[in-house]
Amino acid sequence: MSEGPEVTRAARLILGLRRQGVTDPRVLAAMEAVDRSVFVHPHFLDQAWEDQALPIDCAQTISQPFIVGLMTQALKVEPRHRVLEIGTGSGYQCAVLSRLARYVYSVERYRSLLREAEERLRHLGIDNVITRHGDGGLGWPEQAPFDRIMVTAAAPGEPRDLLTQLKPGGVLVAPVGRGSVQMLHRYTAEDDGSYRRESLCEVRFVPLVEGKASEDG
Ligand code: SAH
């Protein structure tokens with residue numbers, strides 16, 4: 001069958017992720033089920049199942065699968081959750097989250113990236129993702145509060161506006177820092193309105209940029 005080599009490559013990637021510490025079976029199953037080759041630029045098709053970040057349009061990147069696995073696992077998503085993702089990019093992380101959550105809300109500042117991501121998600125038959133062209137730094141107040149929030153671009157500092165859109169007990173995972181290397185933080189909203197912060201590991205993300213991109217207004 002023509003699927004053969006793809007299945008083998010996916011299985012090899014998943015095995016590698018498990019070896020590196022992504023052990024949540026639901027996360028691994030979701031990542032095995034989402035065909036990453038749909039989300040990479042055609043030029044990099046042969047590297048779709050390699051554990052590396054790849055360039056996408058608008059000088060952005062599709063994250064390294066290990067980081068997608070790590071962040072998704074850290075988010076502790078449950079099937080009834082409404083999840084907010086900031087930085088739709090290729091739509092890959094969004095597709096993985098869509099298999100674990102009830103609804104995924106995803107915000108992207110480049111309209112062209114968002115349109116392409118929407119097209120891919122539609123092509124894969126994913127119908128529980130709601131997207132928005134906008135400044136994700138502001139979150140999505142009309143849809144808040146969320147059970148989980150994942151930021152896939154580096155926030156310069158504590159993502160305050162987003163934290164206020166978490167439910168009590170909610171979890172937010174975000175790379176935080178202004179340099180080329182940032183710290184991946186997990187915030188847990190306590191019942192008294194405070195947040196517990198854990199530092200998970202160093203990561204490299206493109207920066208969270210204020211405002212909509214000016215490519216097309
Ligand atoms: N989750 C993506 C990774 C995207 S890279 C994937 O799986 O492919 C980070 C993305 O965040 C880029 O597409 C970038 O345009 C977007 N971004 C950066 N700042 C943003 C902001 N303020 N609001 C919304 N999206 C933003």
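**View 1. Seven strands build an open sheet with mixed pairing.** Across the sheet, the strand order is 5-4-3-6-7-8-9. Strand 5 (129–133) and strand 9 (195–203) stand at the edges, each with a single partner strand, so one side of each has no neighbour in the sheet. From one strand to the next, the twist averages 15°. Strands (E, at least two residues) and helices (H or I, at least four residues) are DSSP runs, numbered from the N terminus. Two strands pair if DSSP finds at least two bridges between them. The model is predicted: local features need pLDDT of at least 70, side-chain atom pairs count only at pLDDT 80 or more, and totals for chains, interfaces and linings use all residues. Residues are numbered from 1 along each chain as its sequence is written, and side-chain values use heavy atoms, leaving out hydrogens and water.

**View 2. Strand 8 meets strand 9 at one edge of the sheet.** Strands of a sheet pair through backbone hydrogen bonds, either parallel or antiparallel. Which sense do strand 8 (residues 182–189) and strand 9 follow? They pair in the antiparallel sense, over eight bridges. Look for Met 183: its bridge partner in strand 9 is Glu 202.

**View 3. Helix 3 and helix 5 pack on the sheet.** Helix 3 (residues 65–75) lies across five strands: strand 3 (82–86), strand 6 (146–151), strand 7 (166–176), strand 8 and strand 9. The helix runs at about 160° to strand 7. Helix 5 (residues 111–123) touches strand 4 (103–108) and strand 5. The direction of helix 5 makes about 165° with that of strand 5. Angles run from 0 to 180 degrees between N-to-C directions, and axes are lines fitted to C-alpha atoms, for helices over the stretch in contact. Contact means heavy atoms within 4.5 Å.

**View 4. Helix 3 is mostly covered.** How many of its 11 residues are buried? The count is 11 of 11. Among them are Phe 66, Ile 67, Leu 70 and Gln 73. Buried means under 20% relative accessible area, exposed means over 50%, and partly exposed lies in between (1.4 Å probe, protein chains only). Just after the helix, Lys 76 takes a positive phi of about 50°. Lys 76 lies in the loop between helix 3 and strand 3. At 43% relative accessibility, Lys 76 counts as partly exposed.

**View 5. Ala 174 sits in strand 7.** Is Ala 174 buried or exposed? Its relative accessible area is 0%, so Ala 174 is buried. Leaving aside neighbours within four places in sequence, Ala 174 is in contact with Val 151, Met 183, Leu 184 and His 185. Met 150 is 24 residues from Ala 174 along the chain, yet their C-alpha atoms are separated by 6.1 Å.

**View 6. Arg 120 belongs to helix 5.** At 16% relative accessibility, Arg 120 counts as buried. Beyond its neighbours within four places in sequence, Arg 120 is in contact with Val 38, Phe 39 and Ser 90.

**View 7. The largest pocket holds about 410 Å³ of space.** It is lined by 30 residues, and the closest to its centre are Gly 87, Gly 89, Glu 108, Thr 152 and Ala 153. A pocket is an open set of points on a 1 Å grid over the protein atoms alone, where a 1.4 Å probe fits, with protein on both sides within 12 Å along at least five of seven lines; lining residues have an atom within 4 Å of a point. Strand 2 (60–62) gives the largest share of the lining, three residues. By class, the lining has 14 nonpolar, 12 polar and four charged residues. Ala, Val, Leu, Ile, Met, Phe, Trp, Tyr, Cys and Pro count as nonpolar, Asp, Glu, Lys and Arg as charged, and the others, Gly among them, as polar.

**View 8. The second largest pocket holds about 280 Å³.** Of its 14 lining residues, Gly 137, Pro 156, Asp 161, Leu 208 and Glu 210 are the closest to its centre. Seven of the lining residues are nonpolar, two polar and five charged.

**View 9. Two loops carry unusual backbone angles.** Most residues other than glycine have a negative phi, and most peptide bonds are trans. Ala 144 and Pro 145 are joined by a cis peptide bond, with omega about 5°. Pro 145 lies in the loop between strand 5 and strand 6. Ala 59 has a positive phi, near 60°. The loop that holds Ala 59 runs between strand 1 (54–56) and strand 2. With a relative accessible area of 70%, Ala 59 is exposed.

Notes: Grid points are joined across faces, edges and corners, and a volume is the space filled by probe spheres set on the points.
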